[in-house]
Amino acid sequence: MHELFNKVLAKRDLSRAGDLFSVPDADIVDDITEVLSEISPIISHADYVKNNNDQSVVEICVTRVLSCIRETRTAERYCAALVDLLKTCLLWNLQPAGTTKEEPPHAKIAADIISSIFLNYDKKELMKIALPVAVQFLPKGNRELSRNLASYLSLAAIDHACLLSPHTESVMESILSGNYGLLRVLSQVYEVAPEAVTPHAPLLMPLLPQCDPQERMAVFQLYLLIVQKSPEVLESCVPQLCGFLLDSDTSSITMQILLKLAQHSPSILIDHFEQLRLAAKTNPGTIPLCAQIMTTAGIGSKETAQQALDFVLEHLPTQALLQQEATRLCSAYPVLFTDKVLACVRQKNAALSSQQDVGNGLGNKTSGGVTIVSLNSSSPSPPPKPVPIAAPSINTTIIQPASGASAMPTAPPASASASTSAPIATSTPVSAATPTPQHAGYTRRVKLGDSRSTGRLHPASNTHRSVTRLNVASGSVGGLHKSMTRLSNSQINQQPGGSSNGNVVVQSGATP
């Protein structure tokens, strides 16, 4: 053992105890087991509880040892020696005494050692040695030590719940005495040893009002595991469970538990339909779960099935998933399928259809070139495309100037020609003809029967270069379609280069 450690422990020299922190770890790391063995008889002395000097010397030496173990990462090497010192502490009173509630000296040593050991909670071999002794501190009446130990055991249970399962009884006794922090370890222990935890499950229900939200949630998570394998254990807890339906933190998980219970024993939830309705109204997110519970529990009789169906239909238009529950109920009792059910289903389908329409992509276009933009979109709408407008069926004179090109009149659509009653072109003037606007740009007169062109147009527009001449045999006269009429001489004379020869073509219908 290092010389300084020897002097401090042998003479209880408090003045030199502080110098231990100036000694390098490498100089004392091999002496830790011997140092701990020297400390054990000191704290076992009857006078130790009242001797403040000895208490201070021991606390400094323990702190230096734990610091060395932590820095040199030798916890596994010296775990057995630390646990032996813990066993010595267990022999003494650990409860705070007096009005000051000061921690007993042995409780201080135990708290420091336990804290140091559980820094290595992920090391299985170390936990095998430490856990059996650590849980023995739970019933010693030291609330602060027990609370800290609950946190340490929760960490150890994450990876090594199997090591804690043999001590379930000690854990449960500590929980029932008020150490609710240990509730967090029960789910992990249940997964590896369900038979050790299941019998104690109903005993936890009366504790829930005193638990904080995290501790309460730990119990519900445990119940959710238990109800899947042993639902009969929680049948007696249904009234108490329903009392937590209105709590937004536990409403959802409570309904999950109740759903499993309803699948196991439907009748036990029939009397709680009203609580379920109120819970669904308070927490709308639980409506689908509530519907499943009521359907599962109510399908046993027509009367309860009607109650469940009324709830489902009330929320069906906004909850599409409920249609499956309505189908289950109506399949079990076809008499329940009424016009009201059909109307609700149609309303739901209409709502879904409108949602899909709103959710479609922006900028949908119709065949006519119209751009449809969703009103919910924040993106600017593109400029609308022009929509072609059908030409009226009234005979009008249409002259389309083209750049260096010739044009021929084309026959209007059959529907247009059929709907008009224009006479065949004759030498008789048409008094009802629409006045023809002034035109310009002709370089030669239009000649009837010209198979190549109808005249040279002004080079200002971009119309087609040529069009096919109408067939005379198909009902035309002199190359003109029946729907084309000859203007009066007076109207023709108003046009540049016009004459009474009737060579100006009047086209009926839309020009392509």
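The lining of the second largest pocket splits into three nonpolar, eight polar and two charged residues. That makes 13 lining residues in this predicted model, and the ones nearest the pocket centre are Arg143, Ser146, Ser177, Gly178 and Asn179. Which helix gives the most to this lining? Helix α9, running from residue 143 to 164, does, with three residues. As for room inside, the volume of the second largest pocket is about 220 Å³.

**The chain as a whole**

Stepping back, the chain has 23 helices and two strands. Of its 512 residues, 43% are buried. If you take the contacts with a separation of 6 or more, 69% of them are between residues 24 or more positions apart. The accessible surface adds up to about 26,500 Å², and carbon and sulfur atoms hold 53% of that.

**Helix α18, wrapped up by its neighbours**

Now for helix α18, which covers residues 287–298. Is this helix enclosed or open to the outside? It is largely enclosed by the rest of the structure, because 11 of its 12 residues are buried. The buried set is Ile287, Pro288, Leu289, Cys290, Ala291, Ile293, Met294, Thr295, Thr296, Ala297 and Gly298. What do they pack against? Their partners are α16, α17 (273–282), α19 (302–315) and α20.

The length of α18 works out too: at 1.5 Å a residue, its 12 residues should span 16 Å, and the end C-alpha atoms are indeed 16 Å apart.

**Two spots beside that packing**

Helix α20, one of the partners of α18, covers residues 323–332 and includes Gln323. Gln323 counts as partly exposed because its relative accessibility is 27%, which falls between the 20% and 50% cut-offs. Leaving out residues up to four places away in sequence, Gln323 touches Leu316, Val345, Lys348 and Asn349. Gln323 and Cys344 are 21 residues apart along the chain, with their C-alpha atoms 9.5 Å apart in space.

Helix α16 is another partner of α18, and Thr250 is found in the loop between α15 (238–242) and α16 (251–264). Is Thr250 buried or exposed? Thr250 is buried, because its relative accessibility is 2% and the cut-off for buried is under 20%. Setting aside neighbours within four places in sequence, the contacts of Thr250 are Arg216, Met217, Phe220 and Phe244.

**Two arginines with positive phi**

Arg12 has a positive phi although it is a residue other than glycine, and Arg73 is also a non-glycine residue with a positive phi. Here is how each one sits:

| Residue | Phi | Loop | Relative accessibility |
|---|---|---|---|
| Arg12 | near 50° | between α1 (3–11) and α2 (14–17) | 29%, partly exposed |
| Arg73 | near 55° | between α5 (52–72) and α6 (75–90) | 78%, exposed |

Why does Arg73 count as exposed? Its relative accessibility is 78%, and exposed means over 50%. Arg12, with a relative accessible area of 29%, is partly exposed.

Conventions:
Residues numbered from 1 in each chain as written. Predicted model: local features only at pLDDT ≥ 70, side-chain atom pairs only at ≥ 80, totals over all residues. Heavy atoms only, no water. Helix = DSSP H or I, 4+ residues; strand = E, 2+ residues; numbered from the N terminus. Buried < 20%, exposed > 50% of the residue type's maximum accessible area, 1.4 Å probe, protein only. Contact = heavy atoms within 4.5 Å. 1 Å grid on protein atoms, 1.4 Å probe; cavity = no way out; pocket = protein on both sides within 12 Å on 5 of 7 lines; lining within 4 Å. Points joined across faces, edges and corners; volume = space filled by probe spheres on them. Nonpolar A, V, L, I, M, F, W, Y, C, P; charged D, E, K, R; others polar. Areas by Shrake-Rupley, 256 points an atom, 1.4 Å probe, with all protein chains shown as cover. Expected span 1.5 Å × (residues − 1).
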